[in-house]
Amino acid sequence: MRLWKEGVLQSFPFAESEPQVLETMTSLAHQLGFDYCAYGLRMPIPLSNPPVALLCNYPVAWAEQYTARNYLAIDPTVRQAMKSTSAFVWSEETFSSERVFWEEARSFGLREGLASVCRDTGGVSGMLSLVRSGEAITEIEWQAISARVLQLTEAVHWAFRGLVTPRLCPELNAKLSPREADILRWTGDGKTAQQVADVLRISERTVNFHLRNAMAKLNAANKTEATLRAAVLGLL
């Protein structure tokens with residue numbers, strides 16, 4: 001187990017591109033006994049339509065069909081992962097609400113699988129899927145590999161996240177000053193700029209100066225959006 005963990009931790013820091021992350025993830029998935037693997041990342045903002053990034057070695061025809069038909073919106077494993085705090089093995093019940101989707105996936109060899117979830121303090125959520133076309137995943141097998149699956153999930157999450165967030169969610173790299181964070185907290189409590197100024201014993205002009213800086217860093221149109229984004233991104 002220790003050698004596996006060290007191998008995982010040493011593999012991903014050297015991945016400088018998404019194909020390299022996928023290659024490493026695929027190799028480790030094979031070591032765990034799976035033919036296919038995928039990792040999906042969902043950014044925390046904008047709330048109405050958060051960007052998603054996906055790495056997978058699924059059959060090309062299935063990957064293209066999944067994208068073209070927007071199966072992400074109905075994928076039962078994604079829905080379960082969004083409500084789950086732990087890994088889970090696929091079951092008939094998982095796909096009971098989407099039988100057509102399930103049969104199509106199985107026709108491409110995606111028959112048995114598991115999903116493992118990762119959510120970080122920046123609000124980015126991710127899901128690792130390990131899939132195969134052969135034998136079912138038994139309880140004994142799951143107990144034997146569960147710790148390794150969790151380690152792999154976290155390693156892929158941070159490697160993939162580091163590559164895509166500058167493009168999909170640059171606000172995750174925003175650095176608020178202590179004063180900017182303080183002012184946004186008070187703003188989030190419903191206080192006006194003058195009320196915040198009174199609490200912090202500074203001028204209203206200074207409050208607005210820091211608000212404008214925070215809005216620029218967070219790519220926000222107004223102080224309400226800036227406060228919400230900072231909270232969602234774990235900056236407060």
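Modeller: A salt bridge here is a side-chain nitrogen of Lys or Arg within 4 Å of a carboxyl oxygen of Asp or Glu. This is a predicted model, where local features need pLDDT of at least 70, side-chain atom pairs count only at pLDDT 80 or more, and totals for chains, interfaces and linings use all residues. Residues are numbered from 1 along each chain as its sequence is written, and side-chain values use heavy atoms, without hydrogens and water.

Colleague: How many salt bridges does a search of the whole structure find?

Modeller: Side chains of opposite charge can pair when their charged atoms come close. One such pair is Arg 161 with Asp 120. For the whole structure, the search gives eleven.

Colleague: Which parts does the pair of Arg 161 and Asp 120 tie together?

Modeller: The N to O distance in this salt bridge is 2.8 Å. Helices (H or I, at least four residues) and strands (E, at least two) are DSSP runs, numbered from the N terminus. The partners are 41 residues apart in sequence, so the pair ties together helix 6 (residues 139-168), which holds Arg 161, and, on the Asp 120 side, the loop between strand 4 (112-119) and strand 5 (125-132).

Colleague: Is Asp 120 buried or exposed?

Modeller: Buried means under 20% relative accessible area, exposed over 50%, and partly exposed in between (1.4 Å probe, protein chains only). Asp 120 has 12% relative accessibility, so the residue counts as buried.

Colleague: Which residues is Asp 120 in contact with, leaving aside neighbours within four places in sequence?

Modeller: Contact means heavy atoms within 4.5 Å. Separately, the Asp 120 side chain reaches the backbone nitrogen of Gly 122 at 2.8 Å. With neighbours within four places set aside, the contacts of Asp 120 are His 157, Trp 158 and Arg 161.

Colleague: Where does UniProt place the feature "domain: HTH luxR-type"?

Modeller: The entry is unreviewed. UniProt positions follow the numbering used here, feature names are shortened, and annotations may be inferred rather than shown by experiment. In the model, the span is 65% helix and 0% strand, with its end C-alpha atoms 14 Å apart. The record puts the feature at residues 169-234.

Colleague: Which residue forms a salt bridge with Glu 171?

Modeller: Glu 171 is buried, at 8% relative accessibility. The closest N and O atoms of the pair are 3.3 Å apart, and the partner is Arg 229.

Colleague: How exposed is Arg 99, in relative accessible area?

Modeller: Arg 99 meets Glu 92 in a salt bridge at 3.1 Å, N to O. Glu 92 is partly exposed, at 47%. Arg 99 is also partly exposed, and its relative accessible area is 35%.

How values were computed:
A polar contact is a pair of N or O atoms within 3.5 Å; within protein, one must be able to donate a hydrogen and the other to accept it, and residues adjacent in sequence count only if both atoms are side-chain atoms.
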